[in-house]
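Biologist: I should like to go through this structure with you, asking at each step what justifies the terms used. Please begin once it is shown.

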Number of protein chains: 4
Amino acid sequence: MMRARAKNPAGSAKDEKYRRRHDEIIDAAAAVFARKGYHGASTKDVADRLGIRQGSIYYYVPSKEAALEQVCLIGVEGFLRRLTAIRAGGGSYTEKVRAAMLAHLEPTRDRHDYVRTFLGSRHHLPPAIRRNIARLTRDYERLFESLISEGVAAGEFRAGLDSRLATLGILGMCNAALTWYGIEEGATIERIAAEFADMVLDGLKQR
Amino acid sequence: MMRARAKNPAGSAKDEKYRRRHDEIIDAAAAVFARKGYHGASTKDVADRLGIRQGSIYYYVPSKEAALEQVCLIGVEGFLRRLTAIRAGGGSYTEKVRAAMLAHLEPTRDRHDYVRTFLGSRHHLPPAIRRNIARLTRDYERLFESLISEGVAAGEFRAGLDSRLATLGILGMCNAALTWYGIEEGATIERIAAEFADMVLDGLKQR
Amino acid sequence: MMRARAKNPAGSAKDEKYRRRHDEIIDAAAAVFARKGYHGASTKDVADRLGIRQGSIYYYVPSKEAALEQVCLIGVEGFLRRLTAIRAGGGSYTEKVRAAMLAHLEPTRDRHDYVRTFLGSRHHLPPAIRRNIARLTRDYERLFESLISEGVAAGEFRAGLDSRLATLGILGMCNAALTWYGIEEGATIERIAAEFADMVLDGLKQR
Amino acid sequence: MMRARAKNPAGSAKDEKYRRRHDEIIDAAAAVFARKGYHGASTKDVADRLGIRQGSIYYYVPSKEAALEQVCLIGVEGFLRRLTAIRAGGGSYTEKVRAAMLAHLEPTRDRHDYVRTFLGSRHHLPPAIRRNIARLTRDYERLFESLISEGVAAGEFRAGLDSRLATLGILGMCNAALTWYGIEEGATIERIAAEFADMVLDGLKQR
DNA sequence: CATGAATGAGCATTCATTCAT
DNA sequence: GATGAATGAATGCTCATTCAT
């Protein structure tokens with residue numbers, strides 16, 4: 001997954017310790033970026049969170065921007081892979097969309113700060129990397145959209161459905177959960193996923 | 001409406017010119033805050049956008065933070081009022097939710113940068129104002145939620161619906177449009193509102 | 001006394017009004033310089049004190065520095081003249097020193113802010129003017145000192161007295177009154193002058 | 001003594017180096033505050049004096065205001081303590097006042113810039129600290145005054161003496177020395193103290 | 001006569017980054 | 001392996017000053 005290191009002392013026993021520290025720093029960065037935004041957060045905030053000195057970060061991460069990149073890469077990781085698997089798997093389109101929504105929400109539980117940072121700060125990445133990540137996102141959206149358009153083609157979803165807008169709507173709905181997940185009481189990922197899926201699949205109305 | 005001014009020399013004829021310039025500056029601030037985020041934007045960015053010098057801003061706005069406040073206040077303006085009117089008006093709950101979704105999306109068209117800044121940067125406001133605005137937001141969400149829970153009570157919406165989650169989902173879905181409105185081709189506010197309303201009210205599935 | 005004007009519209013009837021406004025501005029400047037110090041005071045402070053706009057000051061005064069100069073000139077005005085008169089007048093040296101102390105203190109009552117500004121901010125004047133004023137001060141101190149050294153020569157004051165230090169001590173003591181005059185209750189200029197004169201002339205001790 | 005540090009990494013060997021640099025910076029601040037006044041001095045002036053960059057100061061001192069506070073605290077230090085000792089010690093009131101004057105003047109020799117800054121810039125301190133220091137000053141003046149009023153009560157000083165004015169006069173006289181100490185040739189602290197004491201205790205006049 | 005509007009230089013402060021040790 | 005110390009560029013903001021109207 002190409003997690004570049006600042007100054008990677010070759011070896012294997014010591015390397016382990018190095019990697020651990022490195023990951024702690026990225027984790028702290030994710031936490032403060034998620035809370036304050038990339039520009040609102042300082043490298044000192046990150047260092048303070050770990051009880052180390054500001055300069056020490058640079059032994060593990062070459063720059064603040066690189067830290068953002070690494071956080072974002074972890075933030076997007078897996079989305080595409082899992083959606084690909086769902087699409088390839090069995091079941092109706094209804095079941096696939098439901099599964100896709102759950103799959104989209106699960107990282108919110110497991111890598112909350114990473115996904116939040118990705119969503120909120122990815123546009124502060126340097127152009128090259130941003131474009132790289134934008135491509136991943138686009139591919140992901142297209143894959144999601146194909147689930148819907150194929151469902152329409154198969155006669156399972158309503159004809160005339162704008163699958164692009166539907167995709168953006170569903171993903172937007174799910175992404176919104178990042179804002180209040182952990183704050184709204186009793187809202188587990190599973191409940192959110194189920195409730196949202198019921199809403200968009202069957203509608204709010206009484207049958 | 002309380003759009004406070006930095007130094008407003010009393011008067012009325014010349015005052016008009018002052019107000020116009022003031023509004024231009026707030027408008028420029030909304031634009032750059034929306035694009036770069038509050039902390040990613042500098043007062044120089046705002047000044048450059050107007051072809052004036054950095055310091056000149058301070059003739060019209062007392063601080064960057066105050067500019068954010070003014071932008072956010074314009075950003076939230078009207079949401080509560082219009083939703084209150086919809087709720088008090090006639091029609092089924094289905095019609096009301098549909099109307100509410102359109103009403104929620106319209107400011108995206110008319111005050112795009114303001115609403116985006118409000119959504120993305122309001123948590124950088126000084127505590128006092130942030131709390132003030134948080135209250136408005138909470139009231140708005142509750143009002144929206146009441147539309148749904150009353151729809152359930154009236155037997156128009158599904159029993160067992162979690163009206164809180166439904167509200168957060170619908171609003172999140174609509175807010176997501178701020179990200180890509182103006183980029184997605186052919187996606188007018190009316191189409192987005194209609195498509196989203198169809199989706200959550202009737203569901204994606206074929207009947 | 002060479003009170004330079006910014007743009008002096010010739011004439012005589014209107015000139016009166018101009019001069020009045022000019023003097024008001026200098027007076028306001030003296031007040032804020034005395035309270036906040038030259039660098040701690042802004043031209044806006046001066047304008048606010050008169051209810052006029054910041055820029056309007058420049059119609060009457062060419063610069064902040066020039067305002068300081070004018071305030072300082074009024075602050076020193078008269079000291080030398082009156083001390084010269086006292087020295088030329090009759091009476092014992094004791095009486096003359098006593099009179100000189102009162103004369104030195106009187107401007108504190110009548111032009112408090114001017115004298116305070118002079119004492120506290122004169123070293124912020126541009127070199128040329130500062131030197132000019134320094135000469136006045138030196139002449140004044142020498143004149144005062146001559147009163148004492150002549151008193152010694154006449155056998156009226158103690159032999160061995162360091163007249164230079166005595167002068168600096170007496171003037172410093174009087175100048176200190178500027179700090180608390182108007183605050184210390186019941187301390188009129190006359191009482192202060194008398195008390196200080198008693199102290200340095202006769203000493204604190206019982207005879 | 002409470003000489004707070006900006007960021008003091010615990011330790012003891014290296015800490016010494018930090019403290020030394022910190023003290024150098026405070027010393028430079030005292031020097032430029034004494035010469036230009038708090039508002040007339042810039043942090044760049046302080047940095048230039050040490051041959052470091054403006055921003056580097058902030059590694060040692062949290063703000064310009066904090067630097068002023070530290071300078072002032074060093075400036076007032078010891079005055080109260082030493083006067084208390086003099087009062088508690090033996091000797092006549094005449095001897096005590098003489099000793100007090102010397103004690104008051106000694107810091108002028110040893111911490112010239114600190115005391116000058118204290119006297120000239122203390123009113124620019126933030127209110128909380130200013131009040132704190134004002135209390136110290138008041139206590140000091142009262143203690144000094146008690147030396148005089150008790151001397152009167154003991155019949156050693158003239159009856160009818162206004163001990164408050166006498167105190168303010170004596171201290172003002174001594175403080176004036178800050179202005180010219182180091183400039184007036186041959187005026188050592190001891191000579192100044194002695195001459196001033198002779199003047200106020202015995203008077204200028206021949207017996 | 002005075003002002004409204006703007007400027008440009010300077011200021012205190014922050015911050016990502018570097019590097020000798 | 002990590003830090004203490006410093007830097008330099010940028011940032012928000014203030015302020016004396018100017019000038020067309």
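Modeller: Around DNA strand E there are 32 residues, of which Ser56(B), Tyr60(B), Ser56(C), Tyr60(C) and Tyr58(D) come nearest. Of the strand's atoms that come within 4 Å of the protein, 76% belong to sugar and phosphate. This is a predicted model, in which local features need pLDDT of at least 70 and side-chain atom pairs count only at pLDDT 80 or more, while totals for chains, interfaces and linings use all residues. Residues are numbered from 1 along each chain as its sequence is written, chains are lettered from A and ligands numbered from 1 in the order in which they are written, and side-chain values use heavy atoms, with hydrogens and water left out.

Biologist: What makes a residue "near" the strand?

Modeller: One of its heavy atoms must lie within 4 Å of the strand. The residues of this surface divide into twelve nonpolar, 13 polar and seven charged; the nonpolar class holds Ala, Val, Leu, Ile, Met, Phe, Trp, Tyr, Cys and Pro, the charged class Asp, Glu, Lys and Arg, and the polar class the others, Gly among them.

Biologist: Why does the approach of Thr43(A) to a phosphate oxygen of DNA strand E count as a polar contact?

Modeller: A backbone N or O atom of Thr43(A) lies 2.7 Å from a phosphate oxygen of DNA strand E. A polar contact is a pair of N or O atoms within 3.5 Å (within protein, one must be able to donate a hydrogen and the other to accept it, and residues adjacent in sequence count only if both atoms are side-chain atoms), so the pair at 2.7 Å qualifies. For Ala41(A) the corresponding distance is 3.4 Å, and for Ala41(D) it is 3.4 Å.

Biologist: Why is the pair Glu184(B) and Arg164(A) called a salt bridge?

Modeller: Their side chains meet at 2.4 Å, N to O. The rule asks for a side-chain nitrogen of Lys or Arg within 4 Å of a carboxyl oxygen of Asp or Glu, so this pair satisfies it. Across the interface of chain B and chain A the rule finds four salt bridges.

Biologist: How do you know that chain B and chain A are in contact?

Modeller: Contact means heavy atoms within 4.5 Å, and 40 residues of chain B are in contact with 40 residues of chain A. The two chains bury about 3600 Å² between them, 59% of it on carbon and sulfur atoms; buried area is the accessible area (1.4 Å probe) that two parts lose on being put together, summed over both. In chain B, Arg158(B), Leu204(B) and Lys205(B) lose the most area to chain A, together 21% of what that side buries.

Biologist: What separates chain A from chain C?

Modeller: No contact joins chain A and chain C, and their closest C-alpha atoms lie 32 Å apart.
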